[in-house]
Amino acid sequence: MRKYARVSATIADLLRKRSLQFPRLLSSSPILDHPSSSSSSSSSMSSSSTHPVSLGTINEKVLKCEYAVRGEIVTLAQRLQEELLAKPGSHPFDEILYCNIGNPQSLGQQPITFFREVLALCDHPAILDRSETQGLFSTDAIKRAWEILDQIPGRATGAYSHSQGIKGLRDTIAAGIEARDGYPADPNDIFLTDGASPAVHIMMQLLIRSEGDGILCPIPQYPLYSASIALNGGTLVPYYLDESAGWGLEISELKKQLEAAKSKGINVRALVVINPGNPTGQVLAEDNQRQIVEFCKQEGLVLLADEVYQENIYVPDKKFHSFKKISRSMGYGNEDITLISFQSVSKGYYGECGKRGGYMEVTGFSPEIREQIYKVASVNLCSNISGQILASLVMSPPKVGDESFDSYSAEKDGILSSLARRAKALEDALNNLEGVECNKTEGAMYLFPRIYLPVKAVKAAEAANTSPDTFYCRRLLNATGIVVVPGSGFGQVPGTWHFRCTILPQEDKIPDIVSRLTEFHKQFMEEFRD
């Protein structure tokens, strides 16, 4: 690996000639400076002056917003998939393997039976009174469906609900949080949302007034945050995770970036922490979490805790602890720290991405601010009812003694143990590749390996007017059908390159992915060897 480290200075010089990495520190545009950004403005100049909408006349914040998880590489993959359907055998692979996004069921993961039984009964309550239903559905699913329907006005899942979500479901979620953390939870603190993403957008709308307001975000980060900050006209203040320490979060780095922001006149409003990490897969230690809570308290920062992967822990020496639990264990209450925690039904062992369910627990705000949060939430009327029901089920699954408990536990444990095996298999395969280093995936659903690219490859990427990691990922897709996301879409230390790969393809697909990736990488390194 030292061979590749020696060329890093040369590569860094090349990069300084072009802006192909993460944006400038404290830039008001917290997106990637891809060549496409500059081409957008030139395209707008050539647009017809008579057309009412052009790139030159739409909201500039939209142009600044980028979301790499569904960006250039995925667009190419979709085109290749269409070509395979229209003309089988037209490419050196017979299927596209989407390893770009945390979308478990699209890759073959089966939904949890108990959850789907309850949803089906709630959506079609007329069958609850039929005699054959007792033989088709578990008794506890039938019982739970009746309980939920009794909480829904008119027993109609097609009707609007309260803008925060159905009160009875929020009661269930609050009870689940209390059981998880050992500290009280208030259902009035729960806002049910269509996945975690709308909750993040609500908080960014609340906190960001202008580009003078900054949000501390980890680098690498999930692009939802940079996109939301851009759309709301704020400034992303990056703090870098330490790759050499397993993507560790150092308080000294937080302090350094906070002071740098202040010196530039930026008013930092909040700190985003993703635990377990996306795209990096690390799980924070409890002591580290205490340090983060103390930092936010001392600096008067809102703590935005992205905890959507709380069920996805794969190492025996790490456990998930919510930041609310940590703060309460330190003796801090609502008057001491402002904390928002995000949860989603899209991740975990459930993987119900398309159902769009989630919530945020909002603590530490004054009643006046809570009214403003409710007002913003009410603009969308309410989140979808199926997602609300799923959020309550996730936080209150079958218990010991319930008819569905054994099958539920087997499904849950089977999914999580398989994910752990897949993570280990892909991690080992990546670390066996020349010029690749991959940290252990302790949690979440992703690997984020570093690739040491030869100078010739970097120059070839420059000639193609793209970033080196995008160049690599595009070549990988065209040769193998494997879709991964360039590290530049998440941010990375300048002069380094990565890609994000999910661990979600089914276990029987992993050997094929490893084989395709290994063969491609060998050929790529030979082609561009210095």
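**Exercise 1. Helix 5 and helix 19**

Determine at what angle helix 5 and helix 19 pack in this predicted model, and which residues meet.

*Solution.* Step 1. The axes of helix 5 (residues 72–86) and helix 19 lie 10 Å apart, at an angle of about 15 degrees. Step 2. Angles under 35 degrees count as roughly parallel, and helix 5 is therefore roughly parallel to helix 19. Step 3. The crossing of helix 5 past helix 19 is right-handed. Step 4. On the side of helix 5 the contact involves Glu-72, Ile-73, Leu-76, Ala-77 and Leu-80; they meet Thr-470, Cys-473, Arg-474, Leu-477 and Asn-478 in helix 19. Step 5. Sorted by class, this contact has six nonpolar, two polar and two charged residues.

**Exercise 2. Helix 19 and helix 20**

State how helix 19 and helix 20 are oriented to each other, and give the classes of the residues in their contact.

*Solution.* Step 1. Helix 19 (residues 468–480) packs with helix 20 (residues 510–527) at about 125 degrees, the axes being 10 Å apart. Step 2. An angle between 115 and 145 degrees falls in the oblique class, so helix 19 and helix 20 are oblique to each other. Step 3. Helix 19 passes helix 20 in a right-handed crossing. Step 4. From helix 19, Phe-471, Tyr-472, Arg-475, Leu-476, Ala-479 and Thr-480 take part, facing Arg-516, Leu-517, Phe-520, His-521, Phe-524 and Glu-527 of helix 20. Step 5. Seven nonpolar, two polar and three charged residues make up this contact.

**Exercise 3. Helix 6 and helix 16**

Describe the crossing of helix 6 and helix 16 and list the residues that make the contact.

*Solution.* Step 1. Helix 6 (residues 113–123) and helix 16 (residues 385–394) have axes that come within 10 Å and cross at roughly 140 degrees. Step 2. The crossing is right-handed. Step 3. Helix 6 contributes Phe-114, Phe-115, Val-118, Leu-119, Cys-122 and Asp-123, and helix 16 contributes Ser-386, Ile-389, Leu-390, Leu-393 and Val-394. Step 4. The classes are nine nonpolar, one polar and one charged residues.

**Exercise 4. Two residues and their surroundings**

Decide whether Leu-339 and Gln-289 are buried or exposed, and name their contacts.

*Solution.* Step 1. Leu-339 belongs to strand 7 (residues 339–344). Because its relative accessible area is 2%, Leu-339 is buried. Step 2. Beyond four places in sequence, Leu-339 is in contact with Leu-303, Ala-305, Phe-323, Lys-324, Ser-327, Glu-361, Val-362 and Thr-363. Step 3. Of these, Val-362 is 23 residues away in sequence, with a C-alpha to C-alpha distance of 6.3 Å. Step 4. Gln-289 lies in helix 13 (residues 286–299). Gln-289 has 0% relative accessibility and therefore counts as buried. Step 5. Apart from residues up to four places away, Gln-289 touches Asn-275, Leu-284, His-321, Ser-322, Phe-323 and Ile-326. Phe-323 thus appears in both contact lists.

**Exercise 5. The chain and its confidence**

Summarise the make-up of the chain, and identify where pLDDT stays under 50.

*Solution.* Step 1. The chain contains 20 helices and 14 strands. Of its 530 residues, 55% are buried. Step 2. Among contacts with a separation of 6 or more, 74% join residues 24 or more positions apart. Step 3. Mean pLDDT is 87, with 90% of residues at 70 or more. Step 4. Helix 14 (residues 323–329) has the highest mean among the elements, 97, and helix 3 (residues 35–46) the lowest, 40. Step 5. Over residues 1–48 pLDDT stays under 50, although the model has 102 contacts beyond four places in sequence for them. Where pLDDT is low, predicted coordinates should not be read in detail.

Definitions and conventions. Residues numbered from 1 in each chain as written. Predicted model: local features only at pLDDT ≥ 70, side-chain atom pairs only at ≥ 80, totals over all residues. Heavy atoms only, no water. pLDDT = per-residue confidence, 0-100. Helix = DSSP H or I, 4+ residues; strand = E, 2+ residues; numbered from the N terminus. Contact = heavy atoms within 4.5 Å. Axes fitted to C-alpha atoms, helices over the stretch in contact; angles between N-to-C directions. Parallel < 35°, antiparallel > 145°, perpendicular 65-115°, else oblique. Left-handed = near helix turned anticlockwise from the far one by under 90°. Nonpolar A, V, L, I, M, F, W, Y, C, P; charged D, E, K, R; others polar. Buried < 20%, exposed > 50% of the residue type's maximum accessible area, 1.4 Å probe, protein only.
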